[in-house]
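This report describes how aromatic and nonpolar side chains are arranged in a single protein chain. Please examine the sequence and the structure shown below before reading on.

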Amino acid sequence: MTAERAGEKIAVEVKSFISNSAISEFHKALGQFINYKTVLSQKAPERELYLAVPKTTYEDFFKLELIQLVIKNQDIKLIIYHPEWETIGR
């Protein structure tokens with residue numbers, strides 16, 4: 001998904017994390033994120049890539065020390081969304 005607001009161009013990879021294994025879902029999302037970021041750097045370098053994750057996944061899993069370290073090292077920008085309320089935050 002892509003969007004533009006006030007001159008800011010972004011691309012968003014939305015993940016639901018519905019599997020029983022959050023770490024497996026994270027590994028899959030991380031690999032896809034790296035691939036998309038690589039392609040965007042060549043095809044649309046003006047776009048900033050974000051990973052969108054559900055609020056509950058963020059609170060229960062993304063706050064773990066290892067996950068925070070990976071997010072920081074890979075420079076992953078997050079968007080946290082609430083599926084039932086259809087709202088987002090950064």
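## Burial of Phe 62 and its ring partners

In this predicted model, Phe 62 has a relative accessible area of 0% and is therefore buried. Phe 61 has a relative accessibility of 9%; because the cut-off for burial is under 20%, Phe 61 is counted as buried too.

## Aromatic pairs

A pair of aromatic rings is described by two quantities, the distance of the centres and the angle of the planes. The model contains four aromatic pairs. In one of them, Phe 17 and Phe 62 meet edge-to-face, with 5.5 Å from centre to centre and 80 degrees between the planes. Phe 17 belongs to the loop between strand E2 (8–14) and helix H1 (22–43), whereas Phe 62 belongs to helix H2 (residues 55–62), so this pair ties together parts that lie 45 residues apart in sequence. Phe 17 and Phe 62 are both buried.

Phe 62 also pairs with Phe 61: the ring centres are 5.7 Å apart and the planes stand at 75 degrees, so this pair is edge-to-face. Through ring pairs, Phe 17, Phe 26, Phe 61 and Phe 62 are linked into a cluster.

## The nonpolar cores

In soluble globular proteins, nonpolar side chains tend to be buried together. The largest nonpolar core of this model comprises 19 residues, and Phe 26, Leu 51, Phe 62, Ile 76 and Leu 78 are those with the most contacts inside it. Two or more residues of this core come from each of H1, strand E3 (48–54), H2, helix H3 (65–73) and strand E4 (77–82). The greatest contribution is that of H1, which gives five residues.

Which residues does Ile 76 contact, leaving aside its neighbours within four places in sequence? Ile 76 is in contact with Leu 30, Phe 33, Leu 51 and Ile 71. Apart from the largest core lies another core, of six residues, which include Ile 10, Ala 52, Ile 79 and Tyr 81.

## Strands E3 and E4

How many bridges join E3 and E4? These two strands pair in the parallel sense over five bridges. Val 53 has Ile 80 of E4 as its bridge partner. E4 is mostly covered, since five of its six residues are buried.

Key: Residues numbered from 1 in each chain as written. Predicted model: local features only at pLDDT ≥ 70, side-chain atom pairs only at ≥ 80, totals over all residues. Heavy atoms only, no water. Phe/Tyr/Trp six-rings, centres within 6.5 Å; stacked < 30°, edge-to-face > 60°. Helix = DSSP H or I, 4+ residues; strand = E, 2+ residues; numbered from the N terminus. Buried < 20%, exposed > 50% of the residue type's maximum accessible area, 1.4 Å probe, protein only. Core = buried A, V, L, I, M, F, W, Y, C linked by side-chain atoms within 4.5 Å. Contact = heavy atoms within 4.5 Å. Pairing = 2+ DSSP bridges.
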